[in-house]
Amino acid sequence: MLGLTAEDWAQVLGASERGEAPTLPWERLGEMDGLEQMQRAGDEELVRARTVLISLRSFYAIYMLHGLFMPDTPRPAAMRAPIDARGLGPVLDRIISLSPTHRQCAEGLTACLGGILDELYEALMEQLAADLCLFRIPGDEHGAAGFIDTWTRTLQEQTRLTSAHAP
């Protein structure tokens, strides 16, 4: 993305998480424009990049909902695994936005023009195609309804626990 390799981004994000100044020359980012890369891309590449970006939003939502006590069943865990294995959680944090600005949209499309995010999308789509029952608790015959009921009960319990410990 923006002409930086995955290793470059890992350095930048790691430094930021540690509260350190990034070691990359930030002036490179100011010189790079995703517009140039998008202008060179053909129609099919841009459609593919849009498909990847839109689809990754859904997968990223599942990834993030794990932090909100979503039941950690085998299917959502399997969907998180390719993201974690590639260290792309922080990259998705950066490019996924519910209401992107024009610049964020351009950056997201540029990031999804081929490369590692396109490959991640393919891996996630293959997993989804193998088993469409993403929200199901093994052994629960209620399917998605049982999954949501379990999640709701967990959230209610966490609310009660938090309220009990509130000053």
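Let's start with a term: a residue counts as buried under 20% relative accessible area, exposed over 50%, and partly exposed in between. Keep in mind that this is a predicted model.

**Exercise 1.** Work out whether Glu 157 is buried, exposed or partly exposed, and find its salt-bridge partner.

*Solution.* Start with the area: Glu 157 has a relative accessible area of 34%. That value falls between the 20% and 50% cut-offs, so Glu 157 is partly exposed. Next, look for the partner: the side chain of Glu 157 meets Arg 160 in a salt bridge, 2.9 Å from N to O. Finally, place the pair: both residues sit in helix H9, 3 residues apart, which is about one turn of the helix.

**Exercise 2.** Find out which residues are joined with Arg 48 into one salt-bridge network.

*Solution.* Begin with Asp 118, whose salt bridge with Arg 48 has its closest N and O atoms 2.6 Å apart. This pair links distant parts of the chain, as Asp 118 is in helix H8 and Arg 48 in helix H4, 70 residues apart. Then take Glu 122: its side chain meets that of Arg 48 in a salt bridge of 2.5 Å, N to O. Glu 122 lies in helix H8 too, so this pair ties together parts 74 residues apart in sequence. Put the two together, and Arg 48, Asp 118 and Glu 122 form one network through shared partners.

**Exercise 3.** Find which helix gives the most to the largest nonpolar core.

*Solution.* First, the core: it has 30 residues, and Leu 56 and Leu 92 are among those touching the most other members. Several helices each supply at least two residues, including H5, H8 and H9. The top contributor is H4, with 8 residues.

Notes. Residues are numbered from 1 along each chain as its sequence is written. This is a predicted model: local features need pLDDT of at least 70, side-chain atom pairs count only at pLDDT 80 or more; totals for chains, interfaces and linings use all residues. Side-chain values use heavy atoms; hydrogens and water are left out. A nonpolar core is a set of buried Ala, Val, Leu, Ile, Met, Phe, Trp, Tyr and Cys residues joined through side-chain atoms within 4.5 Å. Buried means under 20% relative accessible area, exposed over 50%, partly exposed in between (1.4 Å probe, protein chains only). Helices (H or I, at least four residues) and strands (E, at least two) are DSSP runs, numbered from the N terminus. A salt bridge is a side-chain nitrogen of Lys or Arg within 4 Å of a carboxyl oxygen of Asp or Glu.
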